[in-house]
Amino acid sequence: MSAAAQTLRPPSRLLMLLEARAINEFGAFLGALPLLSLAPKGDGHPVLVLPGLITSDTATRPLRSFLKSRGYAVSGWGLGRNFGPRAGVQDAMLNLVQDLNETHGRKVSLVGWSLGGIYARQLAKMMPDRVRSVITLGSPFGGSPRATNAWRTYEAVSGQSADNHNPDFGGEMSKTPPVPTTAIFSRTDGICAWQNCIEQPGTFAENIEVQGASHCGMGHHPAIVYAVAERLAQPEGEWKPFDRSGWRSLVYPDPAR
């Protein structure tokens, strides 16, 4: 880890207080549903949505409902609240991906919000033959695990140090999964330092930035929901980077700026 990554601080107190805007983002999501219905439809492949720290499938219900309306076979993780990688959680997620893959006879796309995105990346590294793509929403998989305003909460509910990572769960966290991978982030994230939520761009890896988004509203922010649907709609084996041309350039700035 570089010296800069080690000294990276969590988002400011002001940004953390502004996380309350997640409520307004949900209202914007409801108001934008007619426009979001113009997002490309899916091909029916299974999509597993993994929730963030201390949240459950309830938090991801708006996103899952929308993706279901776009034609995907969408599942929540079904493990209650996400209290970190406690005993049995890793095996349960591995079994879930396997079951979805075998039930539908198709590879599974993984969408993970915050800590759920870290799980998604690690699962893809362990079973790339069953995973079609990975999309993370504000997931701090790179840099210092303490460059987040939630690390103390993580330690309290998981009973583990934020600095510890089980190498048997997918290996190095910052390493890119061997499947098409999209990291969605916002520089106004009030929980996780955005610099830790970005991918190293490559042939099958990319970043999509959304301006002004909160961390707690990422699962229902209209621009993020659209980007998730657009990424999932790509035909299997024909992945291409997100196209920011035209009107999209007004909503999705250049993440490398």
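**Exercise 1. Determine which strands helix H5 lies across, and how H5 runs relative to S1.**

Solution. In this predicted model, H5 covers residues 89-104. Step one: the strands beneath H5 are S1 (46-50), S2, S3 (108-113) and S4. Step two: the direction of H5 makes about 160° with that of S1. Step three: a second helix, H6 (residues 115-126), also packs on the sheet, where it touches S1, S3, S4 and S5. The angle between H6 and S3 is about 150°.

**Exercise 2. Give the strand order of the open sheet and the kind of pairing.**

Solution. Step one: the six strands follow the order S2-S1-S3-S4-S5-S6, and the pairing is parallel. Step two: S2 (73-75) and S6 (205-209) are the edge strands, each with pairing on one side only. Step three: on average, and with direction ignored, neighbouring strands are turned by 15° against each other.

Two of the pairs can be followed residue by residue. S4 (residues 131-137) and S5 (residues 181-185) are joined by four bridges, and Ile135 stands opposite Thr182 of S5. S1 and S2 are joined by three bridges, with Val47 opposite Val74 of S2.

**Exercise 3. Decide how far S1 is enclosed, and list the residues on each of its faces.**

Solution. Step one: the side chains of a regular strand alternate between the two faces of the sheet. Step two: in S1, one side carries Pro46, Leu48 and Leu50, and the other carries Val47 and Val49. Step three: buried means under 20% relative accessible area. Five of the five residues of S1 are buried, so the strand is largely enclosed by the rest of the structure. Both of its faces are covered.

**Exercise 4. Describe the largest nonpolar core and the elements that contribute to it.**

Solution. Step one: the core contains 34 residues, and those with the most contacts inside it are Leu48, Leu50, Met93, Val97, Leu110, Leu123 and Val131. Step two: two or more residues come from each of S1, H5, S3, H6, S4, H7 (151-158) and S5. Step three: take Met93 as an example. Residues up to four places away in sequence aside, Met93 touches Leu50, Trp77, Leu79, Tyr119, Leu123 and Phe169. Step four: another core, of 29 residues, lies apart from the largest one and includes Tyr72, Leu137, Val210 and Phe242.

**Exercise 5. Classify the packing of H4 (residues 61-69) against H8 (residues 222-232).**

Solution. Step one: the angle is about 40° and the axes are 11 Å apart. Step two: angles under 35 degrees would count as roughly parallel, and 65 to 115 as roughly perpendicular. H4 and H8 are therefore oblique to each other. Step three: their crossing is right-handed. Step four: H4 contributes Leu63, Phe66 and Leu67 to the contact, and H8 contributes Val225, Val228, Ala229 and Leu232.

The buried residues of H4 are Pro62, Leu63, Arg64, Phe66 and Leu67. These pack against H3 (22-36), S1, S2, S3, S4 and H8. After H4 comes Gly71, with a positive phi near 105°.

**Exercise 6. Locate Gln160 and state its exposure and its contacts.**

Solution. Step one: Gln160 is in the loop between H7 and S5. Step two: its relative accessible area is 27%, so Gln160 is partly exposed. Step three: beyond its neighbours within four places in sequence, Gln160 contacts Pro85, Arg86, Tyr154 and Glu155. Step four: Pro85 and Gln160 are 75 residues apart in sequence, with 8.8 Å between their C-alpha atoms.

How values were computed
Residues are numbered from 1 along each chain as its sequence is written. This is a predicted model: local features need pLDDT of at least 70, side-chain atom pairs count only at pLDDT 80 or more; totals for chains, interfaces and linings use all residues. Side-chain values use heavy atoms; hydrogens and water are left out. Two strands pair if DSSP finds at least two bridges between them. Axes are lines fitted to C-alpha atoms, for helices over the stretch in contact, and angles run from 0 to 180 degrees between N-to-C directions. Contact means heavy atoms within 4.5 Å. A nonpolar core is a set of buried Ala, Val, Leu, Ile, Met, Phe, Trp, Tyr and Cys residues joined through side-chain atoms within 4.5 Å. Buried means under 20% relative accessible area, exposed over 50%, partly exposed in between (1.4 Å probe, protein chains only). Angles under 35 degrees count as roughly parallel, over 145 as roughly antiparallel, 65 to 115 as roughly perpendicular and the rest as oblique. A crossing is left-handed if the near helix is turned anticlockwise from the far one by less than a right angle, and right-handed if clockwise.
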